[in-house]
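Open the model in a viewer and keep the selection tool at hand. The stops below go one at a time, each with something to select and a note on what is there.

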Amino acid sequence: MADTYTTNLNLTKPEVGASRDTWGGKLNTDMDDIDGVFNAAGDGTSVGLNVGAGKTIVVDGTFDFSGSSSTLGVANGGTGAAAAAGARVNLLPSYTGNGSKVLALNSGATDTEWVTAAVGDVTLNGTQTLTNKTIAFSSNTLTDVASTNTAQTLTNKTYADPIITGSITEEVYTLTGVDLDPANGTVQSKTLSGAVTFTSSIATGESIVLMLNGGATYTVTWPTMTWVTSGGNVAPTLTANDTLVFWNVAGTLYGAYVGSYV
């Protein structure tokens with residue numbers, strides 16, 4: 001009778017009365033296959049395991065469900081799914097017809113159910129106006145929300161009747177080109193090295209303070225504007241060092257000469 005093999009691990013069963021010179025090698029191979037089941041990395045010989053009634057599996061290491069079809073049923077304390085989306089479907093009440101509702105405990109506190117949000121509740125979707133609410137940043141992830149205690153760069157925000165405590169620091173900019181643009185800074189300075197023709201990017205509601213050096217030496221051409229002076233709409237005569245203010249109201253650019261400084 002030739003060698004036979006076990007059903008599950010395909011271990012060699014040497015022929016009785018034979019394999020005199022080969023049984024040792026066959027037995028060693030069988031032992032290696034059995035030892036491979038217990039590989040510490042969890043990637044050894046693949047086996048099935050049936051845990052009988054009254055028996056316990058104790059896991060002190062890592063229990064890995066990384067296999068594409070590996071799941072633990074809901075009835076056994078798992079999610080019954082291999083991915084998060086499927087787990088939500090299995091664990092939560094049906095989403096159908098409940099898009100604007102919130103999840104809450106049922107009256108017996110034994111399960112969860114979808115209920116209509118009560119007045120004052122915050123829903124998971126839609127737009128709401130929150131009044132006198134406290135949001136703890138340490139325990140919540142918020143998107144596009146201004147923090148109350150950290151530095152942030154806010155772009156295109158509208159402040160309704162803000163109350164500012166402390167000083168406001170305006171950006172001071174040394175103008176190297178010829179465009180008067182508040183985006184560079186609301187306080188700007190420029191030293192002339194030749195004749196210059198200024199342009200304006202000052203939009204309605206914006207203003208600039210310009211400190212100009214060399215105006216008495218070089219020709220200065222201003223963008224179209226209305227000058228506010230005691231003598232009417234007349235451009236000022238510049239000196240060596242001048243301060244001017246420009247602002248825009250309803251699309252009209254205005255300018256005023258503040259004075260000369262040393």
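Start with the whole protein, coloured by secondary structure: there are two helices and 14 strands. This is a predicted model. Of its 262 residues, 18% are buried. Among contacts with a separation of 6 or more, 28% are between residues 24 or more positions apart.

**Stop 1: the nonpolar core**

Select L180, F198, L212, V220, W222 and F246. These six belong to the largest nonpolar core, which has 17 residues, and they touch the most other members. Now add strands β10 (207-213) and β13 (241-249) to the selection; each of them supplies at least two residues of this core. Which strand gives the most to this core? That is β10, with three residues.

**Stop 2: W222 and its surroundings**

Centre the view on W222. Setting aside neighbours within four places in sequence, W222 is in contact with F198, L210, L212, W227, L238, L244 and F246. Show these side chains as sticks before going on.

**Stop 3: the aromatic rings**

The structure holds five aromatic pairs. For one of them, select W222 and W227: their rings are edge-to-face, 5.7 Å centre to centre, with 75° between the planes. Both W222 and W227 are buried.

Keep W227 and add F246. Here the ring centres are 6.0 Å apart and the planes stand at 65°, so this pair is edge-to-face. W227 is in strand β12 (residues 226-227) and F246 in strand β13, so the pair ties together parts that are 19 residues apart in sequence. F246 is buried, as is W227.

Add F198 and W222 to these two. F198, W222, W227 and F246 form one aromatic cluster.

**Stop 4: a charged residue in β13**

Stay on strand β13 and select D242, which is located there. Is D242 buried or exposed? D242 is buried, yet it has no salt bridge. The nearest side chain of opposite charge belongs to K190, 14 Å away.

Which side chains does the D242 side chain meet in polar contacts? One is the side chain of T239, at 2.7 Å. Another is the side chain of Y257, at 2.5 Å. To see more of the surroundings, select L210, M211, L212, Y257, G259, S260 and Y261: D242 is in contact with these residues, leaving aside its neighbours within four places in sequence.

**Stop 5: the salt bridge**

How many salt bridges does the structure hold? It holds one. Select D3 and K26, whose side chains meet in a salt bridge with an N to O distance of 2.2 Å. D3 is in the segment before β1 (4-5), while K26 is in helix α1 (residues 23-36). The two are 23 residues apart, and the pair links distant parts of the chain.

**Stop 6: a glycine in a loop**

Last, select G48, in the loop between α1 and α2 (84-91). Its relative accessible area is 72%; the cut-off for exposed is over 50%, so G48 is exposed. Add N8 and draw a line between the two C-alpha atoms. G48 and N8 are 40 residues apart in sequence, and their C-alpha atoms are 8.5 Å apart in space.

How values were computed. Residues numbered from 1 in each chain as written. Predicted model: local features only at pLDDT ≥ 70, side-chain atom pairs only at ≥ 80, totals over all residues. Heavy atoms only, no water. Core = buried A, V, L, I, M, F, W, Y, C linked by side-chain atoms within 4.5 Å. Buried < 20%, exposed > 50% of the residue type's maximum accessible area, 1.4 Å probe, protein only. Helix = DSSP H or I, 4+ residues; strand = E, 2+ residues; numbered from the N terminus. Contact = heavy atoms within 4.5 Å. Phe/Tyr/Trp six-rings, centres within 6.5 Å; stacked < 30°, edge-to-face > 60°. Salt bridge = Lys/Arg side-chain N within 4 Å of Asp/Glu carboxyl O. Lys, Arg positive; Asp, Glu negative; His and termini not counted. Polar contact = N/O pair within 3.5 Å; in protein donor to acceptor, adjacent residues only side chain to side chain.
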